[in-house]
There are 2 protein chains.
Amino acid sequence: MNNQDTQTRTDRLAEAIADAIMAGGFQPGAKLDEQMLAERYGVSRTPVREALRQVAATGLIALRPRRSAIVATVTPAELETLFGAMAELEATCARMCAISMTPMERRRLEALHGAMQAMVAAGDAEAYTDANQTFHSQIYAGTHNAVIAEMTANMRRRLSPFRRAQFRAPGRLSLSHAEHGAVLQAILAARAAEAHATMLHHVSLVEDAYEQLVEQASARLA
Amino acid sequence: MNNQDTQTRTDRLAEAIADAIMAGGFQPGAKLDEQMLAERYGVSRTPVREALRQVAATGLIALRPRRSAIVATVTPAELETLFGAMAELEATCARMCAISMTPMERRRLEALHGAMQAMVAAGDAEAYTDANQTFHSQIYAGTHNAVIAEMTANMRRRLSPFRRAQFRAPGRLSLSHAEHGAVLQAILAARAAEAHATMLHHVSLVEDAYEQLVEQASARLA
DNA sequence: TAAGGAGAAATTGCATGCAGAAATGTTGTG
DNA sequence: CACAACATTTCTGCATGCAATTTCTCCTTA
């Protein structure tokens, strides 16, 4: 931890807990025992409690009065609502990009998309996952509105526990890339409504991919 | 406080502090001394600190390590970004309403708009302010997406310290009502793109109104 | 008078302790 | 064997205390 001067223990704890959840270290529904966390990170319960409040505000965990905090669990219906919200936010970002991106930002996005073609061809899901994150981050930045960008990035983080394996589904890599291509063309051509529509469709597909995975997992258990 | 069983002191404190800020009890930039808050609400500093973390997550206050928390101050540039984000969110809600509102929800919105006509005619800014809040709340609900609805409502709360006097500006009441009419017609006719555009324009006008007020206030000081 | 600095006071960050609620284990009863 | 009632343990919610840092005050000096 390199920023001991500018951050409190609570701040660093909040980051650490959120990272651990997003990395899958705690499963949805897992109890987040205050004492356990305090021991694990070598602090007292006080900063742990403050950090939990902070993480809870992002929606990653749920605080239940007089009960342990738990990693947020969502019903299929809630998940659909969350993915719907994320799709709307990302679509809004794409629309704003079509209007507001600088020529240089447009070229960078185009170059990234080109580089991702090779990853699809090589079937390199890991590299593609990283590049995909960058692709979307560039679109957040391209809005030139830090508030919208942060809200959307936060929504993406909040859904990360449910998106982890999205590129494992067969054929998803090239489908995702084709979708990106449609979004990219709309942004480059400054067609705002089309950028919105294509991105909405693209993110909705991510939800479908997740549901397919869940169904397959359920089928294997049965 | 009627829900002592289901909420902790911290939860109630967070609400009370946020309400006090939105009601103007603390000016932007005002220091939120922990001990002062603890005495004011008759609790110890521990729940106060936890509540401050929670309120800070909404953006209403800023936490500065080893310094007092303060009511969030925003530069004119940040305020423009915030209003821009709110406009995009509200426009998204309006677009979703055009697609998703039930016939009953549409009728309710239309009835409310009709009732607001009388308030404009009577020049009753107070009643109009309340009804305006309801109008927008109905649009959040009409999205049928609780996540988007909550995000947008939260953004509105966050900007409330800067919207307080918006209907004091001359002619604003009838202008706002006319704008509402345009949004309403688009929603009723299920014209999604038009609902988006008209709402975007409407909320942008609120920002203009605020800026006018600030300029007038500055002029009076000079 | 303004600027600077040393010391005092106030304030935050965090650990600890305790009361009460929730979770868990145990025993008795149908 | 299931299950209900009770006892025990564990955990949360909050108050309090202390060290470290910031802020305030007042004095010195140019």
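This report describes a predicted model of protein chains A and B with DNA strands C and D.

## Basis of the model

Because the model is predicted, local features require pLDDT of at least 70 and side-chain atom pairs count only at pLDDT 80 or more, while totals for chains, interfaces and linings use all residues. Residues are numbered from 1 along each chain as its sequence is written, chains are lettered from A and ligands numbered from 1 in the order in which they are written, and side-chain values use heavy atoms, with hydrogens and water left out.

## Relation and interface of the protein chains

Chain B is superposed on chain A by a rotation of 180 degrees with 0.0 Å of shift along the axis, at an RMSD of 0.1 Å (least squares on the C-alpha atoms of residues with pLDDT of at least 70 in both copies). The two copies are thus related as by a two-fold rotation axis.

The interface brings 27 residues of chain B into contact with 27 residues of chain A, where contact means heavy atoms within 4.5 Å. Of the interface residues of chain B, 100% are also interface residues in chain A, so the copies meet through the same surface. Together the chains bury about 2,300 Å², of which 61% is on carbon and sulfur atoms; buried area is the accessible area (1.4 Å probe) that two parts lose on being put together, summed over both. On the chain B side, the residues losing the most area to chain A are Glu50(B), Arg53(B) and Val147(B), which together account for 27% of what that side buries.

## Surroundings of DNA strand C

DNA strand C is surrounded by 18 residues, the closest being Arg9(A), Ser44(A), Arg67(A), Arg49(B) and Arg66(B); a residue is near a strand if one of its heavy atoms lies within 4 Å of it. By class, these comprise 3 nonpolar, 5 polar and 10 charged residues (nonpolar: Ala, Val, Leu, Ile, Met, Phe, Trp, Tyr, Cys and Pro; charged: Asp, Glu, Lys and Arg; polar: the others, Gly among them). Sugar or phosphate supplies 75% of the strand C atoms within 4 Å of the protein, and bases supply the rest.

Polar contacts are pairs of N or O atoms within 3.5 Å. A polar side-chain atom of Ser44(A) is 2.3 Å from a phosphate oxygen of strand C, and a polar backbone atom of Arg66(B) is 2.9 Å from a phosphate oxygen. A base is also approached: an N or O atom in the side chain of Thr46(A) lies 2.9 Å from a base nitrogen. Helix H1 (9–22) and helix H3 (45–58) of chain A, with helix H3 (45–58) of chain B, each give two or more residues to this surface. H3(A) gives the most, with 3 residues. Helices are DSSP runs (H or I, at least four residues) and strands likewise (E, at least two), numbered from the N terminus.

## Surroundings of DNA strand D

Around DNA strand D there are 19 residues, of which Arg49(A), Arg66(A), Arg9(B), Ser44(B) and Arg67(B) come nearest. The surface has 3 nonpolar, 5 polar and 11 charged residues. Of the strand D atoms within 4 Å of the protein, 74% belong to sugar or phosphate.

Phosphate oxygens of strand D lie 2.4 Å from a polar side-chain atom of Arg67(B) and 2.7 Å from one of Arg49(A). H3 of chain A, together with helix H1 (9–22) and H3 of chain B, gives two or more residues per element, and H3(B) holds the largest share, 3 residues.

Technical notes:
Polar contact = N/O pair within 3.5 Å; in protein donor to acceptor, adjacent residues only side chain to side chain.
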